Amino acid sequence: MKPAAFDYFAPESLTEALTMLRDVEGAKVLAGGQSLVPAMNFRLTRPVALIDINRVPGLDGVRIDGDEAQIGALTRHRAFEQPVVPGPLGRLMVEMAHHVGHLPIRVRGTFGGSLAHADPAAEWCLLARTLDATMVTQSSEQERRIPASDFFSTVFTTALEEDDLLTEVRLPLLGTGHLVGFSEFSRRVGDFALVMIIVVAEVQEGTVTEARIGAGGVSDIPLRLSSAEAVLRGRRWDPSVWAEAAEAGRAEVEPLEDIHGSVEYRRDLVGALIQRACRQATE
Amino acid sequence: MKLVGTPIRRREDPELLTGRKRFIADLTAGCQSVAFVRSPMAAAQIVGIERPEGASVFTAADLTGVGSIEPILHRPDYFRAPQPVLAVDRVIYLGEPIAAVVADTRREAEDLADAVYVDLERHDPVVTAKAALADNSRIVHPGAESNVVVSGVIDTGDIDATSESAVERIELELTCRRQSAAPIETRGAVARYDEESEKVTLHASTQMPHVLRTAICDLLGMQEADLRVIAPAVGGAFGQKMCLPAEYAVLVWLARHLRRSLAWIEDRRENFTSSFHSRDHHYRIWGSFDADARLVAIEGDLVANVGAYSCYPVTWGVEPLMAMAELPGPYDFQSYRVRARGVSTNTCPMSPYRGVSRPVLTLAMERMMDVAAERFGLDPVEIRRRNLITRFPYRSATGIVYDEGSYVASLEKAAEVVDVDSFRRRQAEAREAGRFLGIGFSVFSERTGYGTPAFAPRNMDVTPGYETVEMAMDPSGGVEVRIGASPHGQGLVTTLSQVVADGLGLPLESVRVVHGDTDRTPYGWGTFASRSMVISGGATKLAAERLREAIVAVAGDMLEAAPEDIELAEGRAVVRGTDRGVDISDLARQAYHHTPKLAPEREPGLRATASYDPAGTFSNACHVAVVEVDIETGGVRVDRFVVVEDAGLLINPVIVDGQIAGGVVQGIANALFEEVIYDDGGNILTTTLFDYLPPTASEIPPIEIHHLQTITDASLTGAKGLGEGGAIGSPAAVINAVSDALRPLGVQVTEMPATPDRIRRMIREATKEMM
Amino acid sequence: MISSRAVTLLVNGVDYVVEVEPRKTLADTLREDCGLTGTHLGCEHGVCGACTILMDGSPVRSCLLFAVQCEGAAIETVEGLAVGGDLHVLQQAFWDHHGLQCGFCTPGFLMLAKGALAEDPDLTGEALREVLSSNLCRCTGYQNIVTAVEDAAARMRS
């Protein structure tokens, strides 16, 4: 399985990279390559040129600016195996990072690359959607800030234009009062999630004041489960309420079907994992 | 010190550990590359093929003088479906090779293959065996009356009478989905053309170099002396490489036609779509039990989806007919009426895969035992205890004779090791806490080491079975052992060296084992069917005995003693009870360079040849799986796996345990993870390792292995063969354990793999019924 | 027709100057242009791990890298493990514990283990098993691979 021929460029500055993206017709960005290169080896995608951004400085690293984490798109998945972001968000990312593929994938694969690739079963896509991240994109013409709710169109399709480069992702930090839980089910360790759930809840004196429930692997894009969130809001943070939220979540999703799971099965998983994520958030 | 029985390190390893050892893809230097244009449809008429101008593209029309692959069973219910090496006017499975392209590199060959346009007129494919059996089904092979291409019946004639004494008749329907052996190394071959001799040397990733040579020469009308076949290091096979791939034949033809060296290295997608698949069985069986819960009769209707073409040499009869013949397993009953049918469909051809039909038939019998146990209010150990064969030799209802085994002893030992009572307490406590633990047993016998006497009744056009070993001591005292078996990970070089070293009193380093090269080894059948240690080992032992006779005769001459008084030990020949002796190296030199000093009747040199062709033997084991089922996700975790195995004498216990562990993991995969999935249109949906799921280290439990030892004279070395056993018993143990775990919910598992989706569906349906 | 370009690869401490098309993977380049065939290809989509090598000390899939990307990186393959005639501790441990049968996946496991243990010498138990779940083996059932790596890790720690 050898890829089709392509031309290769390795720009050494952001400006150079963006100019190339604009000028080279049919070029694709090569970051970690852990999703792109398999697709190329299968010849499912045949870019005529690759623009390798691994040598562009300033695209990796995590900065904290006020109440926001600014994640350079080229930051490798590995980096998040340690808490590089303070508070509950950092802990959540550590928990999630261990589910991203396997060690060698995490060595090369990048945070931004995962978002740009937009596999509905990718952990960082779900995180971005659940927390209402902002994607910062640059082209030779303009910089854009795209909210996560507008970023994912469908499987492998985002709001990125041909000339855009995703350079940074901004996630709101979570205050220490936030509970965070993550639950994923996959067939084998390291596989893409059949379903995964993030729960973020702000609980004050036992009552939920704010709730976010994100579901990945269910649909063609990561989802916020608004009905399930509505069940939690204003209620006791309590297993019986989690169960109600789980029922609401089951009812509101319209899962895709594939060889790994039927519609009913993914629905079952949504219900089970919402409760598990809530339980984990408590522990 | 005896080496046989000791867990010495493998002699094969240093080359493998350092990466020096060459597998097929490492042998392509200087070769051009071949890629195949394959059918994107499961069934179609080929309307036309457009190739780029001047390109090196070959179709069936170009392959003049090449025959079709036609494995044959000489029985009336066997349909012969000759397989062209490249499709002629139609394609009948997705992935079927239509054209071969040649380019300097694989990359360019794929570019060229992309540029070949095949105009196909699609037919509706027949994909499932069920559809193929329907009255109005399209017939896959023109000229066939139906899609049943091979069938058999075994009927002891007394089912009706025996059933009258039965108080319980249990019906089960069981399915094993399609699998792929999925070795980490795909198939591949390199055909090197030698200008001087005009001969082709074919390096091939194969389990059977000699058979490959004969088969390709048959197809191409060549003399066998003009084709040398060498199996290099082979990266796993498990049966997928014991049949003739059309691609290897095309490669040799191309090399001769173009007078060039060419390589074809299969990629993973091709391996999933076009390399031999396996399993895909559906059984209906009925077990009749008397008032004492003793099985008295088995009836069955076994259906195997055998794919588009018959595999050479064992044919597409191998799975359904072996299932029919071996379904009784280790159980003591004599009434039997079973029909087996192999059904052809527009899917990839099948070859045997570790265990062949036995993982499925073991599932059938072991589910039967568990279901019967429940009906009779017995525990799963007790019902097996009542039904396992205890007297040997035992002739099964299907006419197979079992040599002595330890079926009941293995069951008792396994039950003791796993501590069933303690488990049941844990299980009950867990159920109180809303957790579902289960235990599953599986007892089976594994037919191994069988030669032509066992193959002959199958009426294959090619009757495999014997093995020959040629042994020679060189003038410096080193021994070369040339074998017809073809090991690919089984450690046979080490174990045969142990046998020879012991037999001749030599250090291990003096022994060299040569295999895989048809120019250097006697004709043999390769390595498959758990046969090599038994048959090649037996021939090796015999040859070593004969060589020993020659050695001690020379020693007798040199030491003026009777050969019976000579002992060989520690590299010397010594007159027993004295300190008179001679170094083997001196003795060998004498036998080659100083022959006038020997007795006149001595033949010069030191050589021996022996063949061994046994009827076969049976190893046996009991497998126990302990699982936990997450009823919300349908996920199954195997917490513990116990094996009590009896494979007779263990030549090298560490190698034995390695084979068992590897087989168990493939069996767990069979039970829970692996499935080749076709859609209704005959398209394969599992073409990557994201979709076809061999387990990782994180999915498998610790595997505890215990051994019993029953030595019979069915095997010269005392070893019984066991390569497949791990994969035969484990699926049933896991499926029984899952069913045991889900018993409170009324769920019985009848299909494998028991994926989380399927388990959830069964739970949903069962809970609905309960409400 | 995209032309080849000259690339210098530093492999096991030695410079190899090769001429490759951009689309030639690091795995293919190591095997064909550097003559280092110990790195094997099992899937070419990053799952089986047979192609695992070390790049700047970390385990990566060489089937998912192009040679043109790898200039300036320090690459280690299985051929660089043994020094002189002496096997690396990991190789010795695999030998001692029967951690290989057909041997096809073995170089990938060796490099994975070496890289993982270099970064975390205390890796053991469940965490070690999870790292080893990165690669597939069809022959051994993994048991002896885990034992071999645990043993090697212990020896390397002492």
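Here is a walk through some spots to select in this predicted model.

Before you click, note that residues count from 1 along each chain as its sequence is written, while chains are lettered from A and ligands numbered from 1 in the order in which they are written. Local features need pLDDT of at least 70 and side-chain atom pairs pLDDT 80 or more, with totals for chains, interfaces and linings using all residues, and side-chain values use heavy atoms, leaving out hydrogens and water.

**Stop 1: two helix pairs in chain B**

Select B:492-504 and B:532-559, which are helices α14(B) and α15(B). (Helices are DSSP runs of H or I with at least four residues, strands are E runs of at least two, and both are numbered from the N terminus.) Their axes come within 9 Å and cross at roughly 30 degrees; axes here are lines fitted to C-alpha atoms, for helices over the stretch in contact, and angles run from 0 to 180 degrees between N-to-C directions. The two helices are therefore roughly parallel. (Under 35 degrees counts as roughly parallel, over 145 as roughly antiparallel, 65 to 115 as roughly perpendicular, and the rest as oblique.) The crossing is right-handed, meaning that the near helix is turned clockwise from the far one by less than a right angle.

Now show the side chains at the contact, where contact means heavy atoms within 4.5 Å. On α14(B) they include B:Leu492, B:Leu496 and B:Val500, and on α15(B) they include B:Met533, B:Lys541 and B:Arg548. By class, the residues of this contact split into 9 nonpolar, 6 polar and 2 charged. (Nonpolar covers Ala, Val, Leu, Ile, Met, Phe, Trp, Tyr, Cys and Pro; charged covers Asp, Glu, Lys and Arg; the others, Gly among them, are polar.)

Next, select α17(B), residues 653-672, with α18(B), residues 725-741. This pair packs at an angle of about 40 degrees with axes 7 Å apart, and the helices are therefore oblique to each other. Their crossing is right-handed. Look for B:Gly663, B:Val664 and B:Gly667 among the α17(B) residues in the contact, and B:Ala727, B:Ser730 and B:Pro731 among those of α18(B). This contact has 9 nonpolar, 5 polar and no charged residues.

**Stop 2: B:Pro702**

Follow chain B to the loop between α17 and β28 (703-708), where B:Pro702 sits. Is B:Pro702 buried or exposed? At 48% relative accessibility, it counts as partly exposed. (Buried means under 20% relative accessible area, exposed over 50%, and partly exposed in between, using a 1.4 Å probe and protein chains only.) B:Phe641 is 61 residues away in sequence, yet its C-alpha is 6.5 Å from that of B:Pro702. Setting aside residues up to four places away in sequence, B:Pro702 touches B:Asp639, B:Arg640, B:Phe641 and, from another chain, C:Gln143.

**Stop 3: C:Glu44**

Jump to chain C and the loop between α1 (26-32) and β3 (52-55), home of C:Glu44. This residue is buried at 9% relative accessibility. Which residues of chain A does C:Glu44 touch? They are A:Met1, A:Lys2 and A:Asn41. Turn on distances: the backbone nitrogen of A:Met1 is 2.9 Å from a polar atom of the C:Glu44 side chain, and a polar contact of 2.7 Å links the side chains of C:Glu44 and A:Lys2. (A polar contact is a pair of N or O atoms within 3.5 Å; within protein, one must be able to donate a hydrogen and the other to accept it, and residues adjacent in sequence count only if both atoms are side-chain atoms.) Chain B is here too, with B:Asp267 among the residues touched.

**Stop 4: helix α10(B) and a cis proline**

Select B:380-387, helix α10(B), where 6 of 8 residues are buried. The buried set includes B:Glu382 and B:Arg384. At the helix start, a side-chain oxygen of B:Asp379 reaches to within 2.7 Å of the backbone nitrogen of B:Val381. Move along to the loop between α10 and β16 (394-395), and you meet B:Pro393. The peptide bond from B:Phe392 to B:Pro393 is cis, with omega near -5 degrees.

**Stop 5: two positive phi angles**

Finish with A:Ala118, in the loop between α5 (111-117) and α6 (123-130) of chain A. Though not a glycine, A:Ala118 has a positive phi of about 55 degrees. It is buried, at 3% relative accessible area. B:Arg279, in strand β13 (residues 278-289) of chain B, has a positive phi of about 65 degrees and is buried at 2%.
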